[in-house]
Amino acid sequence: MNTGGVHLALGKMARITGGFYLAYIVASVLATMLANIGLGDAQQVYQAIVTNEGSFRLGLVIALITGFLFLMAAWGLYVLLRPVNKDLALLFLLLNAIGVAIQGASMLSLASAMLQGDAASHMQAYSAAQLDGLALLSINVYKAGWVTAQLFFGTWLFPLGYLVYKSGFLPRFLGVLLMLDGIAVLIWFLQALLLPAYPAIHYPGLVLSLFAELGLGLWLLVKGVKVVDAGAGLPGEQRLADPQAAGARA
């Protein structure tokens, strides 16, 4: 087996994955800045629609693209971490995909809120106050869907963090941070549904999420992964190997 080629391919995959993860984070920030999609409350989203529809449309497009970027980052992590435990790697990929699907579907309500003020939507039979109410209802439906997606975005971090911790080719502290981030996201999920009047509860978790997920993306992009040759013989060390080659040897 050409181990040098495998090492090069895995190193390239790690950097591509890191690039997708960082692009997802940057795109999420842009969507928030342009349209208050993500962390903005319903009133902030509504104001973004009525004050600058062009900016909101751009923010909505970017927010939809974040789903693709996040799913691609999850797929890259699956490829990198499946030699550690294939079942857990598949689990975090599925949890991420479900979260992306729910989040993407929730944003269709934002398109509905935006179109309700459009003359082409034939909503002239409704008064301005009624249209405002319908728009805010659509935005609140979006917010409920967005929060629901956090259940899956929180739980995917537990198998991901565990595999990062056990991998031996990524820093263990990142695995610990990712699992703590999972707890923080689930606190956000519960707070938003059970205690919506107290958003400050989840603010500390946002800082933790930034460190954990930005740290993972940066590490993959800049440092890649540490590949250990199968003959190195270091006791207890996890080795990153080509899964197809490993299957052939078996």
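This note walks through a predicted model, point by point.

1. **Overall build.** Start with the helix count. The protein has 10 helices and 0 strands. Read along the sequence, the pattern is therefore α-α-α-α-α-α-α-α-α-α, where helices are DSSP runs of at least four residues. Of the 250 residues, 43% are buried. Take the contacts between residues at least 6 apart in sequence: 76% of them join residues at least 24 apart.

2. **The outside.** The protein exposes about 12500 Å². Carbon and sulfur atoms supply 69% of that area.

3. **The largest nonpolar core.** This core holds 61 residues. Which of them touch the most other members? They are Ile37, Phe56, Phe92, Trp156 and Leu160. Helix H3, residues 53-81, gives the most to this core, with 13 residues.

4. **Phenylalanine 92 within the core.** Look past its neighbours within four places in sequence. Phenylalanine 92 is then in contact with Ala74, Leu77, Tyr78 and Leu81, among others. The list also includes Trp156, Pro159, Leu160 and Leu163. Trp156 and Leu160 appeared in the previous point too, among the core members that touch the most others.

5. **One salt bridge.** The count of salt bridges comes to 1. The side chains of arginine 57 and glutamate 53 form it, with 2.9 Å from N to O. Side chains of opposite charge can pair when their charged atoms come close. Both residues lie in helix H3, 4 residues apart, which is about one turn of the helix. Are they buried, exposed or partly exposed? Arginine 57 is partly exposed, because its relative accessible area is 36%. Glutamate 53 is partly exposed as well, at 35%.

6. **An unusual backbone angle.** Most residues other than glycine have a negative phi. Asparagine 36 is not a glycine, yet its phi is positive, at about 60°. Where is asparagine 36? Find it in the loop between helix H1 (3-35) and helix H2 (42-51). With a relative accessible area of 25%, asparagine 36 is partly exposed.

7. **Tyrosine 165 and its partners.** Tyrosine 165 sits in helix H7, residues 157-167. Its relative accessibility is 29%, so it counts as partly exposed. Leaving out residues up to four places away in sequence, tyrosine 165 touches Arg172, Gly175 and Val176. With arginine 172 there is a polar contact between the two side chains, at 3.3 Å. Now compare positions along the chain. Tyrosine 165 and methionine 179 are 14 residues apart, and their C-alpha atoms are separated by 9.5 Å.

8. **A nonpolar patch on the surface.** This patch covers about 920 Å². Its members include Val176, Leu180, Ile183, Ile187 and Leu190. Leu193, Leu194, Leu195, Tyr198 and Ile201 also belong to the patch. Leucine 194 is in helix H8, residues 172-194. Its relative accessibility is 64%, over the 50% cut-off, so leucine 194 counts as exposed.

9. **Glutamine 191, a buried residue.** Glutamine 191 is also in helix H8. Is glutamine 191 buried or exposed? It counts as buried because its relative accessibility is 5%, under the 20% cut-off. Setting aside residues up to four places away in sequence, glutamine 191 touches Pro196, Tyr198, Pro199, Ile201 and His202. Tyrosine 198 has a further link. Its backbone oxygen lies 3.4 Å from a polar atom of the glutamine 191 side chain. Tyr198 and Ile201 are members of the surface patch as well.

Definitions and conventions
Residues are numbered from 1 along each chain as its sequence is written. This is a predicted model: local features need pLDDT of at least 70, side-chain atom pairs count only at pLDDT 80 or more; totals for chains, interfaces and linings use all residues. Side-chain values use heavy atoms; hydrogens and water are left out. A nonpolar core is a set of buried Ala, Val, Leu, Ile, Met, Phe, Trp, Tyr and Cys residues joined through side-chain atoms within 4.5 Å. Buried means under 20% relative accessible area, exposed over 50%, partly exposed in between (1.4 Å probe, protein chains only). Helices (H or I, at least four residues) and strands (E, at least two) are DSSP runs, numbered from the N terminus. Contact means heavy atoms within 4.5 Å. Patches are made of residues with over 30% relative accessible area and no salt bridge: like charges are joined within 9 Å, nonpolar side chains (Val, Leu, Ile, Met, Phe, Trp, Tyr) within 5 Å. Accessible areas come from the Shrake-Rupley method with a 1.4 Å probe; for residues, only the protein chains shown count as cover. A salt bridge is a side-chain nitrogen of Lys or Arg within 4 Å of a carboxyl oxygen of Asp or Glu. A polar contact is a pair of N or O atoms within 3.5 Å; within protein, one must be able to donate a hydrogen and the other to accept it, and residues adjacent in sequence count only if both atoms are side-chain atoms.
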